[in-house]
Structure formats: C-alpha cells, structure tokens
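Please load the model in your viewer, colour the chain by secondary structure, and keep a selection prompt at hand. The stops below go from the hydrophobic interior to the strands and then to the ligand.

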Amino acid sequence: MASDIKTIVSKRSPYVPLAPITADKPEIFRSLEAALGSPFSTEPISPPPKPLIIVISGPSGVGKDAVIKKLRGVREGIHFVVTATSRAMRPGEVEGIDYYFVSKEHYIEIYTWEFCRFIFLVAENETALVERLVERKTETTETLLVRISTARQEVKHVKDFDYVVVNAEGKLDNAVKLVESIIDAEKAKVNQRNVRI
Ligand SMILES: Nc1ncnc2c1ncn2[C@@H]1O[C@H](COP(=O)(O)OP(=O)(O)OP(=O)(O)O)[C@@H](O)[C@H]1O
C-alpha cells in the first residue's frame, strides 16, 4: 500500500502544487484530482452482486418450510421457487404450488446443479426432530419410521453441504437469522458464483 502511494506521488506533475491539509475540502479535492490527473469517481467500488441460489435441505420435519416462510416475511428481494421433493403429496398440497413431486432419481439430478450454496438444516438432536414430526400430526407411525431412518442417513452427508444451521426447539428466529447472515456473507464474497438464471 505504502509503495503504491509513493509511486503516485513521484509521478505527479511537479507544477501542480498540493493544497495544504488545512485548506478547505473542495480545494483539497481539486488539488488531489489535478495531481492524479483525473477526478474522483463516484462509481461503486464493489461490483453488483451476482444472483445467488440458496438451497435449504434437511430431514423431514426439521423446519424447512417454517424457515422459508419466515424468510419470506423478513427478507425482501428474495425470489422463492417452487422446490422439489421426493416424498408423497400430503392432503391440501398442490403440485407446482407447494412442491414439484418428483421421483428420487429426478430429485438427485436437480440437486446436483452447480452454482448453488447448500444449507443443511438440522434439529439440535434426533429426539427433538422426532417430537416435531409427531406434533405435526402429518405422519403415520409407518411413515414416521421411514422419515427417521432416512434422517439418520441424511445427517451422515452433512459434510457435503456448505453450511449447517441448527433449528433448535423454539428458536426458529435464530435459525432464520443465521440463514440471513449466510445470504449476506455470500453476497459480499469477492469470488462469486456464476449463476445462470
Ligand atoms: N424451531 C422450531 N421449534 C419448534 N417447532 C418447530 C421449529 N421449526 C419448525 N417447527 C415445527 O415443526 C414442524 C415441522 O416443520 P416443517 O413442516 O417446516 O418441516 P419441513 O422440514 O418443511 O418438513 P417436510 O420436509 O416433511 O415438509 C411444524 O409443525 C413446524 O411448525
């Protein structure tokens, strides 16, 4: 940094005197611009952030819908897409509105897109997840068994995700805040992804 400043100073015209630091601001600006040979730019230094795709995954009942619903309320400028699920449709759900209900093979294909940031949502522990699923009252004991054994497999893949967010009991707001922080950090990254939309 210091050497950059030295280079500029040594290149400036010897005939352009710099205003003293005690001069008023416009005069200081004028003399610095004259010495630099061009006016100060008001162009933003940071390039506009590129579109970011965030995918929130996690075991059934962990609170993905709850987190996304809250995010919609607190965050402007986010576009939510209808996502895909490999589970069966529940009463009241509509194809293309709540989800696209797809086969497991198609689901895997969709979620191997590049250019996305993947967040894995987890409960604080397995018991909390089971309690949440039971309280939601959407499952039979048979489907509960499938969901929980699937969740046991899914948590083994946490290392394949970019971020893990804990949605602890009664702490939905904290999970949403963490997701927001991740979005903000991703937007501020220097080497951003190239998202084609
Ligand atoms: N932090 C939390 N504390 C307590 N209950 C929660 C929390 N987050 C979500 N829930 C509740 O847990 C239940 C499951 O949440 P939700 O339906 O959002 O899960 P999901 O991950 O979208 O499930 P699925 O993949 O099966 O659709 C809901 O009844 C929801 O209100």
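A nonpolar core is taken here as a set of buried Ala, Val, Leu, Ile, Met, Phe, Trp, Tyr and Cys residues joined through C-beta atoms within 7 Å, where a residue counts as buried if 20 or more other C-beta atoms lie within 10 Å of its own. The coordinates belong to a predicted model, and what follows should be read with that in mind.

**The whole chain**

Begin with the protein chain in cartoon form, where 7 helices and 5 strands can be followed in the order α-α-β-α-β-β-α-β-α-α-β-α along the sequence. Of its 197 residues, 11% count as buried. Among contacts with a separation of 6 or more, 64% are between residues 24 or more positions apart.

**The core**

Next select Val 67, Ile 119, Leu 121, Ala 175 and Val 179, the residues with the most contacts inside the largest nonpolar core, which has 15 residues. Two or more core residues come from each of β4 (116–122), α5 (126–136) and α7 (172–188), and β4 gives the most, with 4 residues. In soluble globular proteins, nonpolar side chains tend to be buried together.

**Around Ile 119**

Which residues does Ile 119 touch, leaving aside those up to four places away in sequence? Centre the view on Ile 119 and show its contacts, which are Ile 54, Val 55, Ile 56, Phe 161, Asp 162, Tyr 163, Val 165, Val 179 and Ile 182. One of these, Val 179, is also listed with Ile 119 among the core residues with the most contacts.

**The strands beside β4**

Now display the backbone of β4 together with strand β1 (residues 53–57), with which β4 pairs in the parallel sense over 5 bridges; in this pairing, Val 55 stands opposite Phe 118. Then add strand β5 (residues 163–166), which also pairs with β4 in the parallel sense, over 4 bridges, and find Tyr 163 of β5 opposite Ile 119.

**The ligand**

Finally, select the ligand and the 15 residues around it, of which Ser 60, Gly 63, Lys 64, Asp 65 and Ala 66 come nearest. The elements that give two or more residues to this shell are α3 (64–74) and α5, and α3 supplies the largest share, 3 residues. Colouring the shell by residue class should show 3 nonpolar, 6 polar and 6 charged residues. Keep α5 selected as a last step, since this helix gives two or more residues to the core and two or more to the ligand shell.

Key:
Residues are numbered from 1 along each chain as its sequence is written. This is a predicted model: local features need pLDDT of at least 70, side-chain atom pairs count only at pLDDT 80 or more; totals for chains, interfaces and linings use all residues. A residue is buried if 20 or more other C-beta atoms lie within 10 Å of its own, exposed if 12 or fewer, and partly exposed in between; C-beta atoms are placed from the backbone. Two residues are in contact if their C-beta atoms, placed from the backbone, lie within 7 Å. A residue is near a molecule or strand if its C-beta atom, placed from the backbone, lies within 6 Å of it. Ala, Val, Leu, Ile, Met, Phe, Trp, Tyr, Cys and Pro count as nonpolar, Asp, Glu, Lys and Arg as charged, and the others, Gly among them, as polar. Two strands pair if DSSP finds at least two bridges between them.
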